[in-house]
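Let's take a walk through this model together, starting with its charged side chains and moving on to how its parts touch. Have the structure open as you read.

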Amino acid sequence: MAIEDEDRPRKKVSHEIGQDLSLLSVEELTERVSLLRTEIARLEEAASKKRASRDAANSVFKS
């Protein structure tokens, strides 16, 4: 039976803001924290790139 379980596609971990966390295990919570930290870093990088692009455009038009 374990072999059949390994063949099944794993459910993709996702997180919904405000979701009830009481039914999640410590491992699931830890995995979600990692997922969210990775997403935060991705968002911060995108914001930084947009800020740099905006600042470059502003410097061209102010000259």
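**Charged pairs and a buried arginine**

Three salt bridges are counted here, where a salt bridge means a side-chain nitrogen of Lys or Arg within 4 Å of a carboxyl oxygen of Asp or Glu. Please keep in mind that this is a predicted model, in which local features need pLDDT of at least 70 and side-chain atom pairs count only at pLDDT 80 or more, while totals for chains, interfaces and linings use all residues. Residues are numbered from 1 along each chain as its sequence is written, and side-chain values use heavy atoms, with hydrogens and water left out.

For the overall picture, the protein has two helices and zero strands; both kinds of element are DSSP runs numbered from the N terminus, with helices being H or I over at least four residues and strands E over at least two. Of the 63 residues in the protein, 3% are buried. Here buried means under 20% relative accessible area, exposed means over 50%, and partly exposed lies in between, using a 1.4 Å probe and protein chains only. The protein exposes about 6300 Å², and carbon and sulfur atoms supply 56% of that area. Such areas come from the Shrake-Rupley method with a 1.4 Å probe, and for residues only the protein chains shown count as cover.

Now to the charged pairs themselves. Side chains of opposite charge can pair when their charged atoms come close. Arg-42 and Glu-39 form one salt bridge, with N to O at 2.7 Å. Both belong to helix H2, which covers residues 26-62, and they sit three residues apart, about one turn of the helix. Arg-42 is exposed at 53% relative accessibility, whereas Glu-39 is partly exposed at 30%.

Further along, which partner does Glu-45 meet in a salt bridge? The partner is Lys-49, at 3.3 Å from N to O. These two are separated by about one helical turn because they lie four residues apart in helix H2. Lys-49 counts as exposed, at 55% relative accessibility, and Glu-45 as partly exposed, at 44%.

Arg-54 and Asp-55 also join their side chains in a salt bridge, at 3.6 Å from N to O. Arg-54 is partly exposed, with a relative accessible area of 48%, and Asp-55 is partly exposed too, at 42%.

Next, turn to Arg-32, which is also placed in helix H2. Is Arg-32 buried or exposed? Arg-32 is buried and yet has no salt bridge: the nearest side chain of opposite charge, Glu-28, is 5.8 Å away. For this search, Lys and Arg count as positive and Asp and Glu as negative, while His and the chain ends are not counted.

What Arg-32 does have is polar company. Its side chain reaches the backbone oxygen of Ser-14 at 3.3 Å and makes a polar contact with the side chain of His-15 at 3.4 Å. A polar contact is a pair of N or O atoms within 3.5 Å; within protein, one must be able to donate a hydrogen and the other to accept it, and residues adjacent in sequence count only if both atoms are side-chain atoms. Not counting residues up to four places away in sequence, Arg-32 touches Val-13, Ser-14, His-15, Gln-19 and Leu-24, with contact meaning heavy atoms within 4.5 Å.

Leu-35, found in helix H2, is partly exposed at 36% relative accessibility. Leaving aside neighbours within four places in sequence, Leu-35 is in contact with Val-13, Ser-14 and His-15. Leu-35 and Val-13 are 22 residues apart in sequence, and their C-alpha atoms are 8.4 Å apart in space.
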